[in-house]
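Hi,

Here is the structure I promised to pass on. Have a look at it first, then read my notes underneath.

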Amino acid sequence: MVTTFDHLLLLGRPASGKSEFIDFMKKIPDADRAKIFHISKFEEVDDFVWIWEKFMEDDLWEKAGCPRLYSKNYMPGNPGMEPEGLRLLKFCMHKFNDVIKEKYLSRPEFYNDHTLFIEFARGNQHTFKEALGSLKPEILNRAAILFIYVTREESWRRNVARYQENLKHSILAHMVPKETFDHFYTDHDWLSMTHNESNGYIMVNGLKIPFVTMNNEPESTDPSVLTKRYGDALEKLYELHEKGV
Amino acid sequence: MSSMKKAFDNLIVIGRPACGKSEFIDFIKNKTGDADRLKNLFIVPFQELDDFVWLWEKCGEDDIWEKLGYERIVSKRSGNGYFISNHRLYDFLIEKMNCEAGNLFKSNPEFHRDRTLLIEFSRGLKNAYDNALNRLSEEILRKAAIFYIKVSFEESLKRNEARYREKLKHSILAHKVPDEEMYEYYNVDDWDDITVGKEGGHLTLRGIKVPFVTMGNEPESKDPAVLGPRYSNALGRLWDLRR
């Protein structure tokens, strides 16, 4: 019997490789993905979409003659969150709860043959601990966490490289601007939360959640390297998930 | 107007709350066939942009901000609805309208070939429509015609309440424009001023000459036999004015 995750939380710094992980999984046939990675057909909920929407709304507020609410155009056409926008991250956690409840938990049959990816990056004042703690128990008790780890320097390097690559194809390319990166993402609490363990369980609001911290350096686009990297991490995570049930 | 079809490209439907905008859209959606709608009302299959949806969404977001311990941004709760406390929201909504319409036209440059875009909103106070209409993008205005559905403030108030009572029968989530919003924001508008009381003619908006027609929508009727001629008479005049 093929066994797969219900909620797979994909956490990490910006440009740590969360999107690349999802792209990779999209290319794997359903049966292989379930067998090797414990991931069914999947859907994604990513708070970047909501954050970007709010940045775009800030453009409209500005056109309407009002101050922007959450972001600043640190680079032309490429807004980033400004310190006052911090509350938007809390708003997103609220939105995760609403959207997941309405779109997925309300349809238990969804989980018969689907995995839901829940993706977000946090850092500095707005910690992973706080973010995870604001998710509803019904989301957490189906969850396993894959933390995709890269260093601060690597996160910044990939953030810039991805932007420059995207710029070749679209004027709509975007990146986390330096000011936003420095204010929100230089440090995070994941390693202290997990006591520097590479895998195990964390307690969130009294619930025991399995996690694996996957080192995603050096960067690779080689499928054989990624298959092993992702496969090992998810195999361990699934084992923890099974033991923890 | 597009030369490809004998129908409006962008039809701007405005008027006080509960003046009959939604009933008009219901009529063209459900009570008239494609051929008759085109022949009598000069409207082809259509798409709607109604800023009420976004307004309501923003008020809902305010509920979330409040729950999270922050100040509300645009509204306060009032009865079973919201009072808009930040009037800049109305300008934001027009900018959103411009953005959404722009996206539609960009994603489909042939949009108007076989479609009418309905743009629906309601504004109050002394610079209500002068401000809102002049904020619309040139892209919208160049192909626009304005259909103002006119009822008195008292009638708007009465229908707003009646509509709410009717909805309450079916859903506890029924809502209405709160009375304080009606009295403080929608009590007056500037339509008669900017049209100099005319029932039809042209407005110059951002230097663009845009035809308009004012349709009296009293007494209230739900009878398609009354509404059909009422609408076709007004939109027939508007169609003629577009030249």
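Let's begin with helix 10 of chain A. Its buried residues are covered by, among others, helix 1 (18–26), helix 2 (30–37), strand 6 (143–149), strand 7 (199–204) and strand 8 (207–215) of chain A. Keep in mind as you go that this is a predicted model.

Which residues of helix 10 of chain A are buried? They are Tyr230(A), Ala233(A), Leu234(A), Leu237(A), Tyr238(A), Leu240(A) and His241(A). Around the axis they take up an arc of only 160 degrees, so they sit on the same side of helix 10 of chain A. If you wonder how that pattern comes about, an α-helix has 3.6 residues a turn, so residues three or four places apart point the same way.

Now turn the helix round. On the face of helix 10 of chain A that points away from the buried side, you'll find the exposed residues Ser224(A), Val225(A), Lys228(A), Asp232(A), Glu242(A) and Lys243(A).

You can also check the length of this helix yourself. Helix 10 of chain A has 22 residues, and at 1.5 Å a residue they should span 32 Å. The C-alpha atoms at its ends are 30 Å apart, which agrees.

One residue to click on is Arg229(A), which belongs to helix 10 (residues 223–244) of chain A. Is Arg229(A) buried, exposed or partly exposed? It has 19 other C-beta atoms within 10 Å, and because a residue needs 20 or more to be buried and 12 or fewer to be exposed, Arg229(A) counts as partly exposed. Between its C-alpha atom and that of Glu217(A), 12 residues away along the chain, the distance is 10.0 Å.

Next, the place where the chains touch. Chain A puts 10 residues into the contact and chain B puts in 9. On the chain B side, helix 4 (residues 88–107) of chain B gives the most, with 6 residues. Sorted by class, that side of chain B has 5 nonpolar and 4 charged residues, and no polar ones.

Finally, chain B as a whole. It has 10 helices and 8 strands, and its C-alpha atoms fill a box of roughly 55 × 40 × 35 Å along the principal axes. For 243 residues, a compact globule would have a radius of gyration near 18 Å, and chain B agrees with that at 18 Å. Of the 243 residues in chain B, 39% are buried. Among its contacts between residues at least 6 apart in sequence, 74% join residues at least 24 apart.

Have fun exploring!

How values were computed. Residues numbered from 1 in each chain as written. Chains lettered and ligands numbered in written order. Predicted model: local features only at pLDDT ≥ 70, side-chain atom pairs only at ≥ 80, totals over all residues. Helix = DSSP H or I, 4+ residues; strand = E, 2+ residues; numbered from the N terminus. Contact = placed C-beta atoms within 7 Å. Nonpolar A, V, L, I, M, F, W, Y, C, P; charged D, E, K, R; others polar. Expected span 1.5 Å × (residues − 1). Arc of directions from axis to C-beta. Rg over C-alpha atoms; globule rule 2.2 N^0.38 Å.
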